[in-house]
Amino acid sequence: MSGTQRHAKIAVEAVRNISTILIIALMTFVVWGGLGYEVHAQGRGGSSGSRGEMRGGRAGSPAGMLPLRQLDLTDAQRQEVRATLDQNQTILRATGEQLGRAKQALHEVVTGDWVNESEIRARAEALGLAEGDAAVVRADLYVQLWRILTPAQQLRVEEIEAEMKASREDRRSAGEWMRQRREGREGRGRHRRER
């Protein structure tokens with residue numbers, strides 16, 4: 001493989017990795033941005049299933065990792081959740097902005113006129129550190145929110161997570177079955193054409 005082909009292959013892999021990271025980051029920012037609204041909405045006491053309820057269970061955010069909507073939080077717990085999110089808002093925003101800048105810096109060097117492997121690696125490393133910082137902040141906030149829950153609510157969270165895991169595995173199995181079925185039909189179609 002020539003040097004140009006190797007650089008092209010590295011660039012393609014980097015773009016794929018960046019795309020995946022950007023999608024994850026975008027989802028994280030969307031969820032973080034919605035947390036304040038969700039806590040505020042739950043505080044209004046919307047009925048079950050209403051738009052006024054806190055949406056829990058979304059991946060990517062500490063509150064979203066906890067299915068708060070399904071835990072029947074008391075008014076005192078809602079206020080404590082709101083206060084905890086308010087206390088952490090500055091650091092969440094700062095780590096989010098740091099993450100965004102690191103992603104943009106990597107994107108700029110990857111989409112440049114020529115491949116600068118050492119610069120790509122340096123910026124990818126900076127992005128990794130920013131991702132790590134954001135993960136630590138999310139983990140800290142998750143623990144703070146977890147401590148607000150009663151033991152019964154914590155047990156309910158574990159049950160919900162087990163249900164969600166089983167549902168994901170069911171969907172994965174169904175997807176695998178569909179893929180095998182589609183491949184089987186394509187194979188039979190080829191076999192008929194060959195006759």
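**Figure 1. The buried residues of helix α4.** Start with the residues of α4 that are tucked away: Ile120, Leu127, Ala130, Ala134, Val137, Arg138, Leu141 and Leu145 are buried. Keep in mind that this is a predicted model. How far apart are the end C-alpha atoms of helix α4? They sit 42 Å apart, and that agrees with the 44 Å that the 30 residues of the helix, 117-146, should span at 1.5 Å a residue.

**Figure 2. An aromatic pair in helix α4.** The count of aromatic pairs comes to one. Its partners are Tyr142 and Trp146, and their rings are stacked, 6.2 Å centre to centre with 15 degrees between the planes. The angle is what earns the word "stacked", because planes under 30 degrees apart count that way. Tyr142 and Trp146 are four residues apart in helix α4, so about one helical turn separates them. Is Trp146 buried, partly exposed or exposed? With a relative accessibility of 22%, Trp146 counts as partly exposed, because buried would mean under 20%.

**Figure 3. A salt bridge inside helix α4.** Stay on the same helix and look at Arg123 and Glu119, whose side chains meet in a salt bridge at 2.7 Å, N to O. Here, too, the partners are four residues apart in α4, so about one turn of the helix lies between Arg123 and Glu119. How exposed are the two? Arg123 is partly exposed at 26% relative accessibility, and Glu119 is partly exposed as well, with a relative accessible area of 28%.

**Figure 4. A salt bridge inside helix α3.** Now move to helix α3, residues 75-110, where Asp75 and Arg78 both lie. Their side chains form a salt bridge, 2.4 Å from N to O. Asp75 and Arg78 are three residues apart, about one turn of the helix. Which partner is buried and which is exposed? Asp75 is exposed, with a relative accessible area of 53%, whereas Arg78 is buried at 15%. Asp75 gets its label because exposed means over 50%. In general, side chains of opposite charge can pair when their charged atoms come close.

**Figure 5. A network of salt bridges around Arg156.** Which residues are linked in a network of salt bridges with Arg156? They are Glu159 and Glu163. One of the links is between the side chains of Arg156 and Glu163, which meet at 3.5 Å, N to O. That distance qualifies because a salt bridge needs the nitrogen within 4 Å of the carboxyl oxygen. Arg156 is partly exposed, with a relative accessible area of 28%. Glu163 is partly exposed too, at 47%.

**Figure 6. Stepping back to the whole chain.** With the close-ups done, here is the setting they come from. The chain has five helices and zero strands, so from the N terminus on its elements simply read α-α-α-α-α. A search of the whole structure turns up eight salt bridges, including the ones between Asp75 and Arg78, Arg123 and Glu119, and Arg156 and Glu163. How much of the chain is buried? Of its 195 residues, 29% count as buried. The chain exposes about 12,600 Å², and carbon and sulfur atoms supply 53% of that area. As for contacts between residues at least 6 apart in sequence, 69% join residues at least 24 apart.

Definitions and conventions:
Residues are numbered from 1 along each chain as its sequence is written. This is a predicted model: local features need pLDDT of at least 70, side-chain atom pairs count only at pLDDT 80 or more; totals for chains, interfaces and linings use all residues. Side-chain values use heavy atoms; hydrogens and water are left out. Helices (H or I, at least four residues) and strands (E, at least two) are DSSP runs, numbered from the N terminus. The expected span of a helix is 1.5 Å times one less than its number of residues. Buried means under 20% relative accessible area, exposed over 50%, partly exposed in between (1.4 Å probe, protein chains only). Rings of Phe, Tyr and Trp (its six-membered ring) pair if their centres lie within 6.5 Å; planes under 30 degrees apart count as stacked, over 60 as edge-to-face and the rest as tilted. Contact means heavy atoms within 4.5 Å. Accessible areas come from the Shrake-Rupley method with a 1.4 Å probe; for residues, only the protein chains shown count as cover.
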